[in-house]
Amino acid sequence: MGAFAGIPALLDQAPALIHRGRTLDCECLLGPIDHPFHASIRGGRIIDLTPAPVLMRSWRFSYRASALAWAEYWKPVPRPGWHDLLALTKREEAVLEGDLHPFMAHLQYFKDVLALPRLHRPTVAS
Amino acid sequence: MTGMIEPMIGRYVHVEIDGEPHRIYFEESGAGIPLVCLHTAGSDGRQWRHLLADEEFAKRFRIIAFDMPWHGKSNPPASWSGEEYRLTTARYTQTIRAFCKALALEKPVVMGCSIGGRIVLNLAIEHAGEFRALIGLEAADFQAPWYDTSWLHRPDVHGGEICAALVSGLIAPQSPDAWRRETLWGYMQGGPGVFKGDLYFYRVDGDLRGRVEGIDTGACPLYLLTGEYDFSCTPDDTRRTAAAITGASVTIMEQLGHFPMSENPDQFRRYIAPVLNQILKQPSFDKQGEHV
């Protein structure tokens with residue numbers, strides 16, 4: 001999914017969002033269920049985003065969703081039930097696994113970071 | 001004086017709830033049929049400020065919104081010694097009835113949202129004769145849990161941030177940013193563990209499955225309205241609940257989520273105005289249930 005590769009650059013252009021994640025240093029898996037990305041977050045910035053698997057790289061939590069879920073989540077006006085990360089887990093289109101603390105402690109940050117392609121739709125291939 | 005002053009007036013009323021004195025903050029505006037408004041879990045009566053400021057509704061209704069104990073400007077009672085707050089079905093029901101009694105409200109309409117919508121169903125089950133009509137927003141007899149409430153109250157997660165972030169997805173994407181932020185601001189200001197304690201009623205103690213069938217909408221009309229973007233109390237949850245209640249009115253509200261009155265008051269008004277008009281057309285009954 002090309003849209004994911006563009007998220008770090010979109011985040012770099014969102015200083016308020018980086019500020020909200022300023023205390024967050026975390027390794028996590030984000031993206032499509034079958035081919036997620038390792039994301040390295042430092043001080044609220046995604047400093048590395050690499051397709052998984054990466055040999056012996058650890059991660060604390062994983063949020064992965066179906067390709068359909070991401071396409072729906074990134075629509076300019078998402079449909080009911082497809083408009084929130086936890087709506088997607090409730091409808092079993094996404095899975096949340098691992099040590100959830102960094103995700104829950106920065107929940108709005110992750111919701112907004114993963115929604116960035118929605119705000120930049122023209123540049124996104126979903 | 002040049003500043004615009006809104007019409008609602010806030011005061012405190014001293015209410016005995018289960019024998020314990022409580023100091024309850026409420027705001028009101030208008031005159032006519034009492035319309036008591038119940039806020040959602042973990043928030044407070046400010047959610048109703050747009051309805052309280054509605055000049056048209058205020059011509060025919062005395063609109064009242066109170067903060068539940070532990071919420072907003074209603075402090076915990078003086079007898080509280082720090083134990084974990086947990087709202088129960090019985091305590092919630094007692095609180096509403098005691099508040100209405102303290103203000104000597106004659107056959108009020110009660111409109112509640114979320115946990116307020118759930119307790120409205122219990123009022124319909126147990127005390128229908130006391131109310132002119134009941135309105136449940138985002139109401140169902142039960143809904144499937146979608147997160148672990150222990151995240152709401154722990155020292156290593158900011159309570160205000162997590163409460164707001166969890167419910168942020170329940171707001172419709174069409175809702176104006178200013179009202180979205182204000183709705184979430186209410187959640188950021190709750191006391192530690194209060195949202196979680198409210199959800200004890202919602203998740204554990206207040207399962208009304210198998211009980212709503214007994215609701216007599218002939219004794220008290222029941223209106224259920226749910227936003228299409230509410231994935232906590234979904235439209236299907238409300239439809240399922242209503243299907244078990246003969247005569248219940250159901251409306252699914254487009255472009256609204258779990259907080260219709262605060263997230264998009266203009267859109268909500270389109271749906272609640274017909275309900276309030278219908279209530280105005282109801283025949284009046286005296287205390288013995290006779291037409292007057």
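## A residue to start from

Let's begin with B:Arg62, which sits in strand E4 of chain B. Keep in mind as you look around that this is a predicted model. Is B:Arg62 buried, partly exposed or exposed? It has 18 C-beta neighbours inside 10 Å, and a residue needs 20 or more to be buried, so B:Arg62 counts as partly exposed.

Which residues does B:Arg62 touch, once those up to four places away in sequence are set aside? They are B:Glu28, B:Gly30, B:Ala31, B:Gly32, B:Ile33, B:Pro34 and B:Leu35. For a sense of distance, try finding B:Leu199 as well: B:Arg62 and B:Leu199 are 137 residues apart in sequence, and their C-alpha atoms are 29 Å apart in space.

## The sheet of chain B

Chain B has 10 helices and 8 strands. Its radius of gyration is 18 Å, close to the 19 Å that the globule rule gives for 292 residues, so chain B is as compact as a globular protein of that length. The C-alpha trace of chain B spans about 60 × 50 × 45 Å along its principal axes.

In chain B, 8 strands form an open sheet with mixed pairing, in the order E1-E2-E4-E3-E5-E6-E7-E8. At the edges are strand E1 (9-17) and strand E8 (249-253), each pairing on one side only. On average, neighbouring strands of this sheet are turned by 25 degrees against each other, direction ignored. Helix H3 of chain B packs on the sheet, where it touches E1, E2, E3, E4 and E5, and its direction makes about 115 degrees with that of E1(B).

Now look at one pair of strands. Strand E7 (residues 222-227) of chain B and E8(B) are parallel, with 5 bridges between them. One residue to find here is B:Leu224, whose bridge partner in E8(B) is B:Val250.

## Inside chain B

In soluble globular proteins, nonpolar side chains tend to be buried together. Here the largest nonpolar core has 116 residues, and those with the most contacts inside it include B:Leu35, B:Ile63, B:Leu134 and B:Leu222. Beyond its neighbours within four places in sequence, B:Leu222 is in contact with B:Ala124, B:Leu134, B:Ile215, B:Thr217, B:Ile245, B:Ala248 and B:Ser249. Buried residues make up 51% of the 292 residues in chain B.

Helix H7 of chain B (residues 194-205) is a good one to check with a ruler. At 1.5 Å a residue, its 12 residues should span 16 Å, and its end C-alpha atoms are indeed 16 Å apart. Among the buried residues of H7(B) are B:Val194, B:Phe195, B:Leu199 and B:Tyr202. The buried residues of this helix pack against helices H3 (89-102), H4 (115-126) and H5 (159-168) of chain B.

## Chain A

Turning to chain A, we find 8 helices and 5 strands. Its elements run α-α-α-β-β-β-β-α-α-β-α-α-α from the N terminus on. The radius of gyration of chain A is 13 Å, close to the 14 Å that the globule rule gives for 126 residues, so chain A is as compact as a globular protein of that length. Of the 126 residues in chain A, 37% are buried.

Where could you look for a hairpin in chain A? Strands E2(A) and E3(A) form one, with 2 residues between them, and A:Gly43 in the turn has a positive phi of about 60 degrees. These strands, residues 37-42 and residues 45-51, run antiparallel and are joined by 6 bridges. Across the pair, A:Ala39 stands opposite A:Leu49 in E3(A).

Notes:
Residues are numbered from 1 along each chain as its sequence is written. Chains are lettered from A and ligands numbered from 1 in the order in which they are written. This is a predicted model: local features need pLDDT of at least 70, side-chain atom pairs count only at pLDDT 80 or more; totals for chains, interfaces and linings use all residues. A nonpolar core is a set of buried Ala, Val, Leu, Ile, Met, Phe, Trp, Tyr and Cys residues joined through C-beta atoms within 7 Å. A residue is buried if 20 or more other C-beta atoms lie within 10 Å of its own, exposed if 12 or fewer, and partly exposed in between; C-beta atoms are placed from the backbone. Two residues are in contact if their C-beta atoms, placed from the backbone, lie within 7 Å. Helices (H or I, at least four residues) and strands (E, at least two) are DSSP runs, numbered from the N terminus. The radius of gyration is taken over C-alpha atoms; the globule rule is 2.2 Å times the number of residues to the power 0.38. The expected span of a helix is 1.5 Å times one less than its number of residues. Two strands pair if DSSP finds at least two bridges between them. Axes are lines fitted to C-alpha atoms, for helices over the stretch in contact, and angles run from 0 to 180 degrees between N-to-C directions.
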